[in-house]
Amino acid sequence: MSRVAFPSVSRVPSPHVKLRAWLNDIFASAAPAVLTVSFGLSYSVLIFSGPLSEYLPYGIAATFIATAIIAIVVALGSTFPIAVGGPETSTAAVTAILATSVVEHITATDPSAHLLGPVLLTLSAATIITGLALCSLGLTRIGRAIRYVPYPVIGGFLGATALLIALGGVRVITNMSLRFDNLASFADPMTMYELLAGIALAFTIYLTWHRSRNPLALPALLIAGVVVTHIVFNFAGVSLEQAQALGWTFQSLPRATFSLPWHLGDIENYPWQAVPGLIGNLIAVIFVTAISTLFNTTGLEVATSREANLERELNVAGAANILSGLFGGYAGCISLSRSLLNFNGGATSRLSGLMVAVISVLMLVADPALLSFMPKFILGGLLIYLGVDQLNRWIIESRRRLSTIEYLSLLAIIFIIVKWGFIAGVLIGTIIGCATFALSASRISSIKFGFNGAEYRSSLDRSQNDLALLAAHGKEIHGLNLQSYLFFGSANRLYQHVKMLLEHHPECRYLVFDFKLVTGIDSSAAYSFAQIRRSAIENDVKLVLVNLPRAAEKMLRSGEFLAGDILVMPDLDHALEWCENEIIARHSGLEQEEGDLQGWFAGILGNDHDAAELARRCERLEVRAFETIARAGEPADSMLFILNGRIGVIVDAGGGHSTRVRSLGRHTTVGEMGLVARQPRSATIRAETDSVLYVLRADAFNAITASNPALGQKLLTYFMSVLAERLTFASRMIGVLRR
């Protein structure tokens, strides 16, 4: 029988199941919505404080416009369905600094100037520019480059932001900025009571909400703080007007009407001369928003076990900020804390994030007069807690994760930002971070391993005689297998290592560098290799480079390192084979040379035993043509046996001229009478061709005469015969000249 195939039917959730899911998302959004309202009020007070406090209703409107728009865009566009967006603590802090900077520039030129229009215009424009920057990072896919910013720089940046938030909380409570020059103002008893109340609230938040992380604990604590404060006011007989006069509560404020900041009059009257001074703070807003977006996204990835699309998140945050700025809001991004509250509350869809936006819209119609019932220390204490909590994260907890140098860099960056601003902090911090990285990277050895020719040879099969010769002289070959990127720090350590190697292994004649694992070199590394080349020339060492990448070869040639005396070969095996062949050829020739020397000495001394003893006491010396061996006037502490080549004896002829008085060839000697008489040399000895000499020094001659008097006597007899032959020859020449 043939089977009948039925089409597959996908199950469609029933309306009842959909309703339950929607209700679950709505209830899950309650906690992040309440937290959004609490944070929004504190951010408004932080930004619109001091000279801007009279415009606080506009600040509240700007805050919840930004929250509503960013929450909608993030909820609809984020990789995470449960994402909640809005202004964050860090973005609100740099926004407050930007607003304060605008006020300072305006009041410096005209203390009576209108502040609200320029401030709202600046915040909106900065938010739009931030949005465009975020979209650019997302579209060009270079947003991930922010992750390469050194961790101490990011930590110092956010630590400084946290410190400014805590100081902003103090300013909200006392209406004064905390500085060294106004510490005396804080000695006022009422100011001290207000500040202590804020600190007590911050400590209470730490003991309750910080430890439990119950989403309802923080709103309940703030409401309880308001109720308890008014109960205390009632028992103390303090009216609301008196509390306002004493600075305990906010002044009664008029309702703020919603209006866009893009008024032609505000644009025409904008203090454009202040724009250059605002650029640094604008960059800080962009940087903090981008960093917060990436950090919070990464945190959600870990918490939800779901991979995020960083480019998409940057584009979503960019679009949200552009819309927020167009409608008079300020910068924000995806929120880690509120998104996690949403996730832990059981939210599964984007409806929960949209509900947070709805609550934010409702805050726009709330009567700002209600804010006059809010004690300042409640919102100020919340800001102090948020700032101190972040300071604890970046200053205390980060100490366990950072090295001493990195931690000191973080503290230095915090100090620089607080003292001179964000731009100086980021620039100097980046320089410190790069220098720290370079120092750390330079400590990593650029040498993976080293070897010598006695323990590591080429793959060429050789005869037993050649193998025995390589076993005896293989240490004349040394090799270094290099790794990683070679720059000024690691290359200089390589140079120091080569100097020590040549010092401890004077027998080294061939030094092989294997670049197979090298990823690149810079110009400073090329200079270090030039120093290595000079050391090799001084120690008569041949340099051999193998597996040299094309880019590295170009860099070394530009640094004048690769010259005719440097050998470049394709691989390590062929390089070792070439070095081994050179050693075999040279030492095979030495064996013949030693036989020649032995035969010459035997002819002089009469037997092989004395010849071997004399050869053992001599030192082999190779000299190049025209190389000076000894100068007239120097102590005569040695004599020379000339095995091969030709040596000239030269005397000063006066007037800057010299004359060769004698030339000595193969199997002759020079300097023997000076060795015996110990008189300074009467002439200069110079090689006329490449020569091989054997040097008998005074201490070796003394050792011979002491341990083997018979051999010493034979040498003296030989010296006398040589002197006699030369005197006879001189007499004949004189006779000829007298004719």
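## A walk from the largest pocket to the strands

The largest pocket, our starting point, has a volume of about 1,200 Å³. Before you zoom in, note that this is a predicted model, in which local features need pLDDT of at least 70 and side-chain atom pairs count only at pLDDT 80 or more, while totals for chains, interfaces and linings use all residues. Residues are numbered from 1 along each chain as its sequence is written, and side-chain values use heavy atoms, with hydrogens and water left out.

**Stop 1: the pocket**

Select L164, L167, S177, R179 and V418; of the 34 lining residues, these lie nearest the centre of the largest pocket. A pocket here is an open set of points on a 1 Å grid over the protein atoms alone, where a 1.4 Å probe fits, with protein on both sides within 12 Å along at least five of seven lines; lining residues have an atom within 4 Å of a point. The volume is the space filled by probe spheres set on the points, which are joined across faces, edges and corners.

Now colour α2 (30-47), α4 (89-109), α6 (151-174) and α16 (404-420), each of which supplies at least two residues of the lining. The largest share, 8 residues, comes from α4. Helices are DSSP runs of H or I with at least four residues, strands are runs of E with at least two, and both are numbered from the N terminus. By type, the lining divides into 21 nonpolar, 9 polar and 4 charged residues; Ala, Val, Leu, Ile, Met, Phe, Trp, Tyr, Cys and Pro count as nonpolar, Asp, Glu, Lys and Arg as charged, and the others, Gly among them, as polar.

**Stop 2: helix α6**

Stay with α6, whose 24 residues reach 35 Å from first C-alpha to last, close to the 34 Å expected at 1.5 Å a residue (1.5 Å times one less than the number of residues). In α6, 20 of the 24 residues are buried, so this helix is largely enclosed by the rest of the structure. Buried means under 20% relative accessible area, exposed over 50%, and partly exposed in between, with a 1.4 Å probe and protein chains only. Just after α6, click on N175, whose phi is positive, near 60°.

**Stop 3: salt bridges**

The whole structure holds 12 salt bridges, each a side-chain nitrogen of Lys or Arg within 4 Å of a carboxyl oxygen of Asp or Glu. Select R617 and E613, whose side chains meet in one of them (3.1 Å, N to O). R617 and E613 are 4 residues apart in helix α23 (residues 608-617), about one helical turn. R617 is partly exposed at 24% relative accessibility, whereas E613 is buried at 15%. Add R616 to see a network of salt bridges linking E613, R616 and R617.

Next, show E725 and R662, another salt bridge (3.9 Å, N to O). E725 lies in helix α26 (residues 709-737) and R662 in strand β12 (residues 657-664), so the pair ties together parts 63 residues apart in sequence.

Then pick R646 and E688, where the closest N and O atoms of the salt bridge are 2.5 Å apart. R646 sits in the loop between β10 (638-644) and β11, and E688 in the loop between β14 and β15 (691-697), so this pair ties together parts 42 residues apart in sequence.

**Stop 4: strand β14**

Finish on strand β14 (residues 684-687), which runs antiparallel to β9 (residues 628-630) and is joined to β9 by 2 bridges; two strands pair if DSSP finds at least two bridges between them. Here A630 stands opposite I685. β11 (residues 647-654) is also antiparallel to β14, with 4 bridges joining them; look for G648 opposite R686.
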